[in-house]
Amino acid sequence: MSDISLIAETAEENTIGSCIKSEAALIAVSGLGLKPEHFGGPTHEIIYRGIVNLHDAGKHVTPDTIKAHLEASDKLDLIGGAGVIDRLAEIGEAVDYAAADYAEIVMDRKFRRDVHDFVAVATNHTRTEEDKRALVDLL
């Protein structure tokens, strides 16, 4: 795993952990516009979607309510089991004060993935190397 990937993974874990441990953190990151699809992989996307769904339904977000919610939707095993939620909750206890900062990193990484994907698709549809360079220069 590259240093950038490790930073992104850590930011995602810290963001989710903070949201598990602190409603204020969840409200802060939601206010920034953080969405489940901002996460880089399905595990964190599923967990964050579960957290948001519980909160939006007016239910208290705890490790146990998240586990029950994911179990009811047959997604707990998909994310790696209950231990993943417990580990993220432990992380969140230590970093909930910085949830918004971590969420900004998560959203920035999503933007960068989208730009990368766009460039990859666009360069595959250009005809010459000169066209490809011109496209990259525009970005």
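These are my notebook entries on what I looked up in a predicted model of a protein.

**Entry 1: the overall picture**

I began with the secondary structure, and I found seven helices and zero strands, so that reading along the sequence gives the pattern α-α-α-α-α-α-α. I then looked up burial for the whole protein, and of its 139 residues 36% count as buried. For the contacts with a separation of 6 or more, I noted that 63% are accounted for by residues 24 or more positions apart.

**Entry 2: Asn-14 in H1**

I turned next to Asn-14, which has its place in helix H1, a helix that covers residues 3-21. Is Asn-14 buried or exposed? Its relative accessibility is 7%, and because buried means under 20%, Asn-14 counts as buried. When I left aside the neighbours within four places in sequence, I found Asn-14 in contact with Ile-91, Val-95 and Tyr-102.

**Entry 3: how H2 meets H3**

I reminded myself that two packed helices are described by the angle between their axes and the distance between the axes. For helix H2 (residues 23-31) and helix H3 (residues 42-56), I noted an angle of about 105° and axes that are 12 Å apart. Angles of 65 to 115 degrees count as roughly perpendicular, and H2 and H3 are therefore roughly perpendicular to each other.

I then asked myself which residues of H2 and H3 meet. From H2 I listed Glu-23, Leu-26, Ile-27, Val-29 and Ser-30, and these meet Tyr-48, Ile-51, Val-52 and His-55 in H3. Sorted by kind, the residues of this contact divide into six nonpolar, two polar and one charged.

**Entry 4: His-44 and an aromatic pair**

Staying with helix H3, I looked up His-44, which has its place there. Its relative accessibility is 6%, so His-44 counts as buried. Not counting residues up to four places away in sequence, His-44 touches Glu-9, Glu-12, Glu-13, Ile-16 and Phe-39.

Phe-39 came up again when I searched for aromatic pairs, a search in which the count comes to one. Phe-39 and Tyr-48 form this pair, with 5.2 Å centre to centre and 45° between the planes, and the pair is tilted. I also checked the burial of the two partners, and both Phe-39 and Tyr-48 are buried. Tyr-48 was already in my notes as one of the H3 residues that meet H2.

**Entry 5: the two sides of H4**

In helix H4 (residues 63-72), I found that the buried residues are Pro-63, Ile-66, Lys-67 and Leu-70. Seen down the axis of H4, these buried residues fall within an arc of 100°, so they line one face of the helix. I recalled the general rule that an α-helix has 3.6 residues a turn, so residues three or four places apart point the same way. On the other side of H4, I noted that Asp-64 and Ala-72 are exposed.

**Entry 6: Asp-74 after H4**

My last lookup was Asp-74, which lies in the loop between H4 and helix H5 (82-95). What is its phi? Asp-74 has a positive phi of about 55° although it is not a glycine, and this comes just after H4. I wrote beside it that most residues other than glycine have a negative phi. Asp-74 has a relative accessible area of 69%, and because exposed means over 50%, Asp-74 is exposed.

Methods
Residues are numbered from 1 along each chain as its sequence is written. This is a predicted model: local features need pLDDT of at least 70, side-chain atom pairs count only at pLDDT 80 or more; totals for chains, interfaces and linings use all residues. Side-chain values use heavy atoms; hydrogens and water are left out. Helices (H or I, at least four residues) and strands (E, at least two) are DSSP runs, numbered from the N terminus. Buried means under 20% relative accessible area, exposed over 50%, partly exposed in between (1.4 Å probe, protein chains only). Contact means heavy atoms within 4.5 Å. Axes are lines fitted to C-alpha atoms, for helices over the stretch in contact, and angles run from 0 to 180 degrees between N-to-C directions. Angles under 35 degrees count as roughly parallel, over 145 as roughly antiparallel, 65 to 115 as roughly perpendicular and the rest as oblique. Ala, Val, Leu, Ile, Met, Phe, Trp, Tyr, Cys and Pro count as nonpolar, Asp, Glu, Lys and Arg as charged, and the others, Gly among them, as polar. The arc is that of the directions from the helix axis to the C-beta atoms. Rings of Phe, Tyr and Trp (its six-membered ring) pair if their centres lie within 6.5 Å; planes under 30 degrees apart count as stacked, over 60 as edge-to-face and the rest as tilted.
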